[in-house]
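The following explanation is written for a student who is meeting a protein model in detail. Please keep the sequence and the structure in view while reading.

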Amino acid sequence: MTRALLGREHFIDLDDVAYFYTGAHAPAVHAVEEAMVASYRAKSGGPRGRAGMFALEERARASVAGLVRGATAGDVAFLGDASTAWSAVANGWRWQPGDNVVLNEYEHPSVFAPWLRLRQAGLEVRFVRRREDWEMPTEDIAAACDERTVAIALSHVGYVTGLRHDVAAVSRAADARGIPVLLDVSHSLGLLDVDLDAVALAISASYKWTLGPYGVGVVAWNRERLPGFEPGAVGWRSVEDIFRADRFADLDWSPDARRFQMGAPSLSGIAGLGAAAEIIGGLGLPAVHAHSARLVGAVHAGLRERGLAVTTPADPDRRAGSVAFLHPDGERVAAALEDLGVHVWGGDGRVRASCHVMNDDDDVDRLLLALDRVLADHPLGAPA
């Protein structure tokens, strides 16, 4: 019997819901709300209140670093969102016309859009296509690289099917050619082991598997693999000393990851993320991953038993916390499941269910039984 790793009493308004929506965003957590409110209320404290808010930011930096193997607090920065972080990275990247970056067709627009914009200046953007079985092995990514490849941008776990890339293998293939790997961990941070030593940068949203709120983008910078990197967006918090006598002479870049932070951040959001990261850290990533993996396996098997075209790999080492299956009217299926108290994501010809710390075996049973009812009303032809 797989029980919830974090009981429903820790969440807001989850009493009558089977929540499989974490791949879009995690449910609200009482401790996160309390941290956000406390940080906001500190504004009335004037200088001391402000100092307390920034102290919570430093605490959050350390808590998030604790979820990234090889990271310290100085390696972590907070921006407004993951898309802002990706734009700052792409706009600061060094390349020459005719160079290329390698992505793949499972990438989210927050990852690929900043690079597409640079096409007009002469950067080639290559997209690796999936195989017929929905797989995308490391060798296909490596084959797309050549002597003009300046970066591989990759999601640790793809949002389309939930496929998990072997980051260590990609890193070895990239190292053989001296190519930095830039990793989006929005679907793995807070769930899987994220190894900063294998990549140059890791970027994440705040509101998914970490259990945090919206409004924070996380950057973890490997300063050994990418020394001296200058982001393509800058502000008063990017520099070490805004009051130095010769501040108009040049940019006094912060020596650590704070250089990615441009201006005044969402301190209440960061405090909430810090509280969420402490919850995950307290549970332990191995336990969180093992819990999710057991439930994902049960959902995967149940969908297969129903003859659905499951696009998430069957191999547990090639998936993470989400399972997706094809349906031409995914939005309607998701809406019908929501009416039955089961939250999933649906759209783009598919339905995705995500398993995290709040889920248990009863949730899985409820999902599959509700899906039987919904598919009876919205039948699907032979799986593709």
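Which residue is the bridge partner of F325 in β14? The bridge partner of F325 is V351. The model in which this pair is found is a predicted one.

The pair belongs to a wider arrangement of strands. Strand β11, residues 322-326, and strand β14, residues 350-354, pair in the antiparallel sense, and five bridges join them. In β11, five of the five residues are buried. In a regular strand the side chains alternate between the two faces of the sheet. In β11, S322, A324 and L326 lie on one side, V323 and F325 lie on the other, and all of them are buried, so that both faces of β11 are covered.

Strand β3, residues 76-79, offers a second example of a strand with both faces covered. V76 and F78 are buried on one side of β3, and A77 and L79 are buried on the other. The partner of β3 is β10, and the two strands pair in the antiparallel sense over four bridges. Within this pairing, V76 stands opposite A220 of β10.

The discussion now turns to a helix. Helix α1 comprises the twelve residues 30-41. At 1.5 Å a residue, these twelve residues should span 16 Å, and the end C-alpha atoms of α1 are indeed 16 Å apart, which agrees. Which residues of α1 are buried? They are V32, A35 and S39. These residues cover an arc of only 65° around the axis, and therefore they lie on the same side of α1. The face of α1 turned away from this buried side carries the exposed residues E34, Y40 and R41.

Charged side chains form another part of the picture. Side chains of opposite charge can pair when their charged atoms come close. How many salt bridges does the structure hold? It holds 21 salt bridges.

One of them joins the side chains of D99 and R148, with a distance of 2.6 Å from N to O. D99 lies in the loop between α3 (82-92) and β4 (100-104), whereas R148 lies in the loop between α5 (138-143) and β6 (149-155), so the pair ties together parts that are 49 residues apart in sequence. D99 is buried, because its relative accessible area is 9%, while R148, at 31%, counts as partly exposed.

Another salt bridge is formed by the side chains of D175 and R225, at 2.9 Å from N to O. This pair links distant parts of the chain, since D175 belongs to helix α6 (residues 167-175) and R225 to the loop between β10 and α7, 50 residues apart. Both partners are partly exposed: D175 has a relative accessibility of 39%, and R225 has a relative accessible area of 35%.

The side chains of D250 and R244 also meet in a salt bridge, at 2.4 Å from N to O. In this pair R244 is buried, with a relative accessible area of 15%, and D250 is partly exposed, with 47%. Salt bridges can also be joined into a network, as they are among E57, E58, R61, R237, D256 and R258.

The surface has nonpolar parts as well. A nonpolar surface patch of about 340 Å² is made by W236, I242 and F243. W236 is placed in the loop between β10 (217-221) and α7 (267-283). With a relative accessibility of 42%, W236 counts as partly exposed.

Some loop residues deserve attention too. D197 is found in the loop between β8 (194-195) and β9 (201-205), and at 48% relative accessibility D197 counts as partly exposed. The C-alpha atoms of D197 and N222 are separated by 6.8 Å, although these residues are 25 residues apart along the chain.

Finally, the backbone has two residues to consider. D13 is not a glycine, yet D13 has a positive phi of about 60°. D13 lies in the segment before β1 (18-19) and is exposed, at 69% relative accessibility. W134, also a residue other than glycine, has a positive phi near 75°. W134 lies in the loop between β5 (124-128) and α5, and at 22% relative accessibility W134 counts as partly exposed.

Terms used:
Residues numbered from 1 in each chain as written. Predicted model: local features only at pLDDT ≥ 70, side-chain atom pairs only at ≥ 80, totals over all residues. Heavy atoms only, no water. Patch = residues over 30% accessible without salt bridge, like charges linked within 9 Å, V, L, I, M, F, W, Y side chains within 5 Å. Areas by Shrake-Rupley, 256 points an atom, 1.4 Å probe, with all protein chains shown as cover. Salt bridge = Lys/Arg side-chain N within 4 Å of Asp/Glu carboxyl O. Buried < 20%, exposed > 50% of the residue type's maximum accessible area, 1.4 Å probe, protein only. Pairing = 2+ DSSP bridges. Expected span 1.5 Å × (residues − 1). Arc of directions from axis to C-beta.
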